[in-house]
Amino acid sequence: MVAGEFKLSICQQPVHARSAGFGNRDRRLIDPSPILQLYKLQGNDYIKVRSLDAQVATMVVHCDLYDGVLDEPRHAVTVQHDSPPLDDASGKQQPYTNRTVVGTMVSNAHELEDLQGEKGVFFVFGDVSVRIEGHFRLKFQLLSLFQAHIYDVIFSAPFRVYRARQFPGALGSTPLSRHFAQQGVKLSIRAKEKPKGSGTSQKNDEEEDDDTDEKQDASSSASSMSISSLIHPN
């Protein structure tokens, strides 16, 4: 059920990313971090929600990976491992399913000031990585933690995930990301744009991303796993 009382607006779209692969170390984040703002229906128009009341405080936004054009999820892929487990009955090698999008897939509501100094309620996705290359969109669902409501569903603009050798380089942090980070939101902040071949080594980039991963909110990660298990039980 989708209720029309609240809606989301994307105020910072994803542009690109470097594929993270299926290892556990080389996590590359979607760049820039997607940011959404909450609106509420008042009369015939939607207005910005300015503060966290009791109802808004229980809302979260769940993020999922979709095809860049088709209305098809891309959050999992069937892969063959070098040494996959054997089926005891047939003795044949069995494929298995692995997630293609990792990180903190759920955002709580944040009461923040925007670049114009106006208060609003935002949902920030600063820890999302895609493991495979291709063209994708992100699907965002506005949910209540305590009611069976999906208030709104919205898709991001298409963005590309590159293999490592084709990646054009990380963008510099946006003014909005910097502004929210200064207010306490955990985001990866870069001093400037890092085009490929700019002289900054790949090793240094990896170390920067590893440091960022350690700063992510553990409680948000736990919430992400819980919500994701409800939406994708398999």
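## Helix H1 and its surroundings

The buried residues of helix H1 are covered by elements that include strand E1 (6–12), strand E3 (35–42), strand E10 (110–113) and strand E11 (119–124). This description rests on a predicted model, and every value in it is computed from that model. The helix itself spans residues 175–182, and its buried residues are Leu176, Ser177 and Phe180. Because these three cover an arc of only 100° around the axis, they lie on the same side of H1. An α-helix has 3.6 residues a turn, so residues three or four places apart point the same way.

The face of H1 that is turned away from the buried side carries the exposed residues Pro175 and Gln182. After the helix comes Gly184, whose phi is positive, near 105°.

## The chain as a whole

The secondary structure of the protein chain comes to 3 helices and 17 strands, and 44% of its 234 residues count as buried. Among contacts between residues at least 6 apart in sequence, 69% join residues at least 24 apart.

## The cavity and the cis peptide bond

Rolling a probe the size of a water molecule over the atoms shows where empty space is left. A search of the whole structure finds 1 cavity of 30 Å³ or more, and the largest cavity holds about 110 Å³ of space. Its lining consists of Leu29, Ile30, Asp31, Pro32, Ser33, Leu171, Gly172, Ser173, Thr174, Ser177, Ser188 and Arg190; by class, that lining has 4 nonpolar, 6 polar and 2 charged residues. Ser177, one of the residues lining the cavity, is also one of the buried residues of H1.

Two further members of the lining, Asp31 and Pro32, are joined by a cis peptide bond with omega about -10°. Pro32 has its place in the loop between E2 and E3.

## His16 in strand E2

His16 is found in strand E2, which runs over residues 16–18. With the limit for burial set at under 20% relative accessible area, His16 counts as buried because its relative accessibility is 7%. The side chain of His16 reaches the backbone oxygen of Gly169 at 3.2 Å.

Leaving aside neighbours within four places in sequence, His16 is in contact with Ile30, Asp31, Phe159, Arg160, Tyr162, Phe167, Pro168, Gly169, Ala170 and Leu171. Among them, Ile30, Asp31 and Leu171 also appear in the lining of the largest cavity.

## Val161 and Ser156

Val161 has its place in strand E15 (residues 159–162) and, at 1% relative accessibility, counts as buried. Its contacts, not counting residues up to four places away in sequence, are with Ala17, Arg18, Ser19, Val130, Ile132, Glu133, Gly134 and Phe136; Ala17 and Arg18 fall within the residue range of strand E2. The C-alpha atoms of Val161 and Asp31 are separated by 9.9 Å, although the two residues are 130 residues apart along the chain.

Ser156 lies in the loop between strand E14 (150–155) and E15, and its relative accessibility of 4% is why Ser156 counts as buried. Ser156 and Gln13 are 143 residues apart in sequence, yet they are 6.4 Å apart in space, C-alpha to C-alpha. Gln13 is also one of the residues that Ser156 touches, together with Ile10, Pro14, Arg137, Leu138 and Phe140, again not counting residues up to four places away in sequence. Of these, Ile10 falls within strand E1 (6–12), which is among the elements covering the buried residues of H1.

Terms used: Residues numbered from 1 in each chain as written. Predicted model: local features only at pLDDT ≥ 70, side-chain atom pairs only at ≥ 80, totals over all residues. Heavy atoms only, no water. Buried < 20%, exposed > 50% of the residue type's maximum accessible area, 1.4 Å probe, protein only. Helix = DSSP H or I, 4+ residues; strand = E, 2+ residues; numbered from the N terminus. Arc of directions from axis to C-beta. Contact = heavy atoms within 4.5 Å. Polar contact = N/O pair within 3.5 Å; in protein donor to acceptor, adjacent residues only side chain to side chain. 1 Å grid on protein atoms, 1.4 Å probe; cavity = no way out; pocket = protein on both sides within 12 Å on 5 of 7 lines; lining within 4 Å. Points joined across faces, edges and corners; volume = space filled by probe spheres on them. Nonpolar A, V, L, I, M, F, W, Y, C, P; charged D, E, K, R; others polar.
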